[in-house]
Amino acid sequence: MSAIDVGIIMGSRSDWETMRHAAETLEALGVAHECKVVSAHRTPQRLYDYASGAAARGLKVIIAGAGGAAHLPGMAAAMTRLPVLGVPVESKALKGMDSLLSIVQMPGGIPVGTLAIGKPGAINAGLLAAAILATGDDALAQRLDDWRARQTQSVADTVED
Ligand code: RP5
């Protein structure tokens, strides 16, 4: 059984600038994870092997980020019963609207939990993965509560410096 709970996959090395925010969020919460480049169209066999073997390896959640014709999260979700969280990476041509729509518009039957475009989506994918895992992990639940409390405390109630 793997000690890694969350698999972060992305369609290209160029997605890392966005997806590293998911990894950093999981790091801050003490969630064991791995990060891999897995392209649905450039490395289809790698995607098949990764997604179809994920549950047996002990992964519990997959975060998949992709840009443009972002079929990676949906293809991954088709090959595993694990929850798949999709992060639309901002594209040059259409600012990530293409990524968002191609990830969020899954036909009924194979869900992908779709987050916001870019960095906010990557951060929230990390938080949502942690929240899913925290339903069965009291220590992680406490770390997530503490993280949220620190965020609350960091918000000043004044606009003055
Ligand atoms: C997608 O194509 C990737 O997810 C990436 O967002 C986009 C562009 O990839 P590169 O041309 O930068 O490798 O597969």
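The core of the predicted model is an open sheet of five strands in the order S2-S1-S3-S4-S5, with parallel pairing, where strands are DSSP runs of E of at least two residues and helices runs of H or I of at least four, both numbered from the N terminus, and two strands pair if DSSP finds at least two bridges between them. Strands S2 (33-37) and S5 (113-114) form the edges, each pairing on one side only. Helix H5 (residues 119-134) packs on the sheet and touches S1, S3 (61-67), S4 (84-89) and S5, contact being defined by C-beta atoms, placed from the backbone, within 7 Å. Residues are numbered from 1 along each chain as its sequence is written. Because the model is predicted, local features need pLDDT of at least 70 and side-chain atom pairs count only at pLDDT 80 or more, whereas totals for chains, interfaces and linings use all residues.

The residues around the ligand (C-beta atom, placed from the backbone, within 6 Å of it) are Gly11, Ser12, Ser14, Asp15, Ser39, Ala66, Gly67, Gly68 and Val89.

Under "binding site", an unreviewed UniProt entry lists Ser12, Asp15 and Arg42, in the numbering used here, although such annotations may be inferred rather than shown by experiment. These residues span 31 residues in sequence, yet no two of their C-alpha atoms are more than 14.4 Å apart, so they gather at one spot. Asp15, in the loop between S1 and helix H1 (16-28), is buried, with 25 other C-beta atoms within 10 Å, whereas Arg42, in the loop between S2 and helix H2 (44-57), is exposed, with 11; the cut-offs are 20 or more such atoms for buried and 12 or fewer for exposed, with partly exposed in between.

Conventions:
Contact = placed C-beta atoms within 7 Å. Axes fitted to C-alpha atoms, helices over the stretch in contact; angles between N-to-C directions.
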